Amino acid sequence: MNRRAACTLLFIAVLSNWADGQGPAPGLSAGEQLRLLSRNRRLLDDMVDRGLGLTDANTPLTRVDECRRTADRLALELREAVTRNDGDRLAEISDHMGVVVSKGLVPNLQVAREQITPSSPDFGKLQQIHGEAARSLGDAQGLFPTSGELSKSRRVQDAREKVTTAMKEVGTPDNR
Amino acid sequence: MSCDELQNLILALQDPMSPTADLLTHLNTCAACRSVQAQATQIDALIAALPVPSSAIARQACLNRVLEVGPVIQSVPVTISSRTRSGNHKPFAPLASWLRGMNWQYPAGLAAATLLAVGVWWAIPGKRGPAPEMAEKPRHQLLTQEVDHYVKLSAANTATARMAIWTDWATDIGQESRVIHKVAQPEDMAALAAMFEKTVNRGVVAQAEKMQTVPPAERHAALTTAIDKLAVAMADADALARSAPTVTQKYFTRMAETARDARQILLVKREAGI
């Protein structure tokens, strides 16, 4: 082994370490962005529609219901990602679902539960919407594979954990 | 045989002037080999003419003179590669020397055994840890932005806040269309133009219609912000309606008209104070 070989090995080691530490490229080419748009076109349009629905929802309870519908829409994407064996897509959509639930559904549910007492006329509606939200998230969690290559992916396990956390945050309707 | 091989045979002859029959046949037709034969003959004659010491004492004295002169090669010419190996330029000289002197048989054997073991481990199916993760694929920024706008809407309690969110949402869609328009298919651009229209008309303008109860100063400031952002979106779309590839120009024209109309409505509301 001579000095040149040692330097080459050192360079390769440094390069490998650097490459290993790289995340997704920050700037995408127009072609890559177009590919993402083509895949998400329908979901993006549905998100606009869901946003318009949310804008028209004037009470915390109706907002909870809107957020639950959006979580259901995202669950459709989760299902498709599982079918395609696409762990990255599972992780991406799970992140979005986690955000919608923890920053949209849960805060509005808490406000609704504070405002609507068991004697309120809307209490039954609250229990029903809460139950539907819990079921939706339970169904979403059930979509994650528990066997096979996809289930072994750390990224997919993390994604499943996020949906599980969201499900726990929502909880189940109680008997007040 | 080639001339080189025949010339070697000539040099190996006891007497270059007495070649074999094969050589003789060749020498009759090859001037180069005849020249070599002549040189060999001349060298033999010169060697024969050298003085020979007459006695054992004289031979010993002759040998001593040769030994006193020393080796025939006195020094090795310095070349570039040998200079780099010289002492002053070799900070790793001891290590290199140690490595050169090392017996590589055992490390090589160990490396081969390790490779063999890894190969066997891979070949035998069994329970292993999770496979190493590939680098994550890039995520769609517009989708992330839309989710962000969505959760902001879920906490927005006023028309002012909602109008601001919808203005940003429309701006992000416009930005996406500018990034991809050179490679986009008409259906992609049509979808973005439709989304832009929806966010502007049913989002921005619809919320502006609900601002009657908002205090005038707040309403004026909110409308001004939205008007300015729509003006930028309109100017960008107008520019691309002229410079973009022909198949996408009409979608930018549509987006520019959408922004222009909405901006006009907001301007009227701001000036009228309603």
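Mentor: Before we start, a nonpolar core is a set of buried Ala, Val, Leu, Ile, Met, Phe, Trp, Tyr and Cys residues joined through C-beta atoms within 7 Å, and please keep in mind that this is a predicted model.

Trainee: OK, which residues touch the most other members of the largest nonpolar core?

Mentor: That core has 81 residues, and those touching the most other members are Ala71(A), Met97(A), Val100(A), Leu105(A) and Leu137(A), together with Val204(B) and Ala259(B). The largest share of the core comes from H10(B), which gives 10 residues.

Trainee: And what does Leu105(A) touch?

Mentor: Leaving aside residues up to four places away in sequence, Leu105(A) touches Val64(A), Cys67(A), Arg68(A), Ala71(A), Val100(A), Ala133(A) and Val170(A).

Trainee: Switching to the interface, how many residues of chain B are in contact with chain A?

Mentor: On chain B there are 36 residues in contact with 43 residues of chain A. The elements of chain B giving two or more residues to that side are helix H6 (93-101), helix H8 (141-155), helix H9 (159-180) and helix H10 (186-208), and the largest share, 10 residues, comes from H8(B).

Trainee: What's the chemical make-up of that side?

Mentor: The side of chain B that touches chain A divides into 20 nonpolar, five polar and 11 charged residues.

Trainee: Back to H9(B), how does its axis run relative to H11(B)?

Mentor: The axes of H9(B) and helix H11 (residues 216-243) of chain B come within 10 Å and cross at roughly 10 degrees. Because angles under 35 degrees count as roughly parallel, H9(B) is roughly parallel to H11(B).

Trainee: Which residues meet there?

Mentor: Among them are Thr160(B), Met163(B) and Arg178(B) from H9(B), and Glu218(B), Lys229(B) and Leu240(B) from H11(B); the residues of this contact divide into eight nonpolar, five polar and four charged.

Conventions:
Residues numbered from 1 in each chain as written. Chains lettered and ligands numbered in written order. Predicted model: local features only at pLDDT ≥ 70, side-chain atom pairs only at ≥ 80, totals over all residues. Contact = placed C-beta atoms within 7 Å. Helix = DSSP H or I, 4+ residues; strand = E, 2+ residues; numbered from the N terminus. Nonpolar A, V, L, I, M, F, W, Y, C, P; charged D, E, K, R; others polar. Buried ≥ 20, exposed ≤ 12 C-beta atoms within 10 Å, placed from the backbone. Axes fitted to C-alpha atoms, helices over the stretch in contact; angles between N-to-C directions. Parallel < 35°, antiparallel > 145°, perpendicular 65-115°, else oblique.
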